[in-house]
Amino acid sequence: MSWAGPEDIYLSTSLANYLDKKLLALLRDGRKLFGTLRSFDQFANAVLEGACERIIVGDLYCDIPLGLYIIRGENVVLIGELAQKAEEVASDLKGTMKKRMDFLDMD
Amino acid sequence: MQLFFSYFKDLVGREVTVELKNDLALRGTLHSVDQYLNIKLENTRVVDQDKYPHMLSVRNCFIRGSVVRYVQLPPDGVDVELLHDATRREARGG
């Protein structure tokens, strides 16, 4: 078993790499909050900008916009980095579909 | 009491399954650990994916140490003798 050496300072489980990223925060009460991480501290308190709570029932989900949130660390179960590609592809698809529908003059 | 922190540091890079107190079980590569035994997993997959659809696009995650129930390790990931010795040393020296 090795003991802490100078190289170990690089091995740190900090949320710094998650800053300004769109994340999923799972809370102890089962809530799923989505938002952009703006700040955190040693207790895993977190500031989420543009937060929304996603409520999922079977195949359906809906987002409740919440705005700027500070989450107390003790309620945090997990903070997950969302695969940018998946979310981007989904919203890109939205954009192209709308462009294709432009000729329909829906507005 | 740095024993398990040091132990987990040696396991970085190994495949582990973390079972949380809310019964969610995550499998992934141990990326890093800290003094609170917070865990960062890479290549995360949920054991029972159908039950947790919101986790579908999560590849990397940070798990707060306080919510971990178990960390399941590969059987060859444990050098029991080493762990045993370290524990005895800790108990003696404190």
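Is Arg88(B) buried, partly exposed or exposed? With a relative accessible area of 41%, Arg88(B) belongs to the partly exposed residues, because that class lies between the 20% limit for buried and the 50% limit for exposed. This report describes a predicted model, and it begins with the chain to which Arg88(B) belongs.

## Chain B in outline

Chain B contains 2 helices and 5 strands. Read from the N terminus, its elements follow the order α-β-β-β-β-β-α. The C-alpha trace of chain B extends over about 50 × 25 × 20 Å along its principal axes.

Of the 94 residues in chain B, 46% are buried. The accessible surface of the chain amounts to about 5,100 Å², and carbon and sulfur atoms account for 51% of it. Among contacts in chain B between residues at least 6 apart in sequence, those joining residues at least 24 apart make up 45%.

## The annotated span of chain B

An unreviewed UniProt entry carries the annotation "domain: Sm", which covers residues 3-77 of chain B. In the model, this span is 11% helix and 45% strand. The C-alpha atoms at the two ends of residues 3-77 of chain B are 16 Å apart.

## Strand pairing in chain B

Strand β1 of chain B (residues 15-20) pairs with strand β2 (residues 25-33) in the antiparallel sense, over 5 bridges. Within this pairing, Thr17(B) has Arg27(B) in β2(B) as its bridge partner. The hairpin of β1(B) and β2(B) has 4 residues between the strands, and Asp23(B) adopts a positive phi near 75° there.

Strand β2(B) also pairs with strand β3 of chain B (residues 39-46), again in the antiparallel sense, over 6 bridges. Here Ser32(B) has Lys40(B) in β3(B) as its bridge partner. The hairpin formed by β2(B) and β3(B) has 5 residues between the strands, with Leu37(B) in the turn at a positive phi of about 60°.

## Strand pairing in chain A

In chain A, strand β1 (residues 22-27) is joined to β2(A) by 5 bridges, and the two strands run antiparallel. Leu26(A) is placed opposite Lys32(A) of β2(A). Between the strands of this hairpin there are 4 residues, and Gly30(A) has a positive phi near 95° in the hairpin.

Strands β2(A) and β3(A) are likewise antiparallel, joined by 6 bridges. Thr36(A) is paired with Glu49(A), its bridge partner in β3(A). The hairpin of β2(A) and β3(A) has 5 residues between the strands, and Ala44(A) takes a positive phi near 65° in the hairpin.

## Salt bridges

Over all chains, the structure holds 12 salt bridges. One of them is in chain B, where Asp85(B) and Arg88(B) are joined with their closest N and O atoms 2.9 Å apart. Both residues belong to helix α2 of chain B (residues 80-93) and are 3 residues apart, about one turn of the helix. Like Arg88(B), which has a relative accessible area of 41%, Asp85(B) is partly exposed, with a value of 31%.

In chain A, the side chains of Arg38(A) and Glu49(A) form a salt bridge with an N to O distance of 2.5 Å. This pair links distant parts of the chain, for Arg38(A) is in strand β2 (residues 32-40) and Glu49(A) is in strand β3, 11 residues apart. Arg38(A) is partly exposed at 40% relative accessible area, and Glu49(A) is partly exposed at 36%. Together with Asp20(A), these two residues are linked in a network of salt bridges. A further salt bridge in chain A joins Arg31(A) to Asp29(A), whose closest N and O atoms are 2.8 Å apart. Arg31(A) is partly exposed, at 41% relative accessible area.

## A nonpolar surface patch

Which residues make a nonpolar surface patch of about 240 Å²? The patch is made by Ile55(A), Val57(A) and Ile64(A). Of these residues, Ile55(A) is located in strand β3 of chain A, which covers residues 46-57. Ile55(A) counts as partly exposed because its relative accessibility is 36%, a value that also satisfies the cut-off of over 30% for residues in a patch.

Terms used: Residues are numbered from 1 along each chain as its sequence is written. Chains are lettered from A and ligands numbered from 1 in the order in which they are written. This is a predicted model: local features need pLDDT of at least 70, side-chain atom pairs count only at pLDDT 80 or more; totals for chains, interfaces and linings use all residues. Side-chain values use heavy atoms; hydrogens and water are left out. Patches are made of residues with over 30% relative accessible area and no salt bridge: like charges are joined within 9 Å, nonpolar side chains (Val, Leu, Ile, Met, Phe, Trp, Tyr) within 5 Å. Accessible areas come from the Shrake-Rupley method with a 1.4 Å probe; for residues, only the protein chains shown count as cover. A salt bridge is a side-chain nitrogen of Lys or Arg within 4 Å of a carboxyl oxygen of Asp or Glu. Buried means under 20% relative accessible area, exposed over 50%, partly exposed in between (1.4 Å probe, protein chains only). Two strands pair if DSSP finds at least two bridges between them. UniProt positions are given in the numbering used here, feature names are shortened, and annotations may be inferred rather than shown by experiment. Contact means heavy atoms within 4.5 Å.
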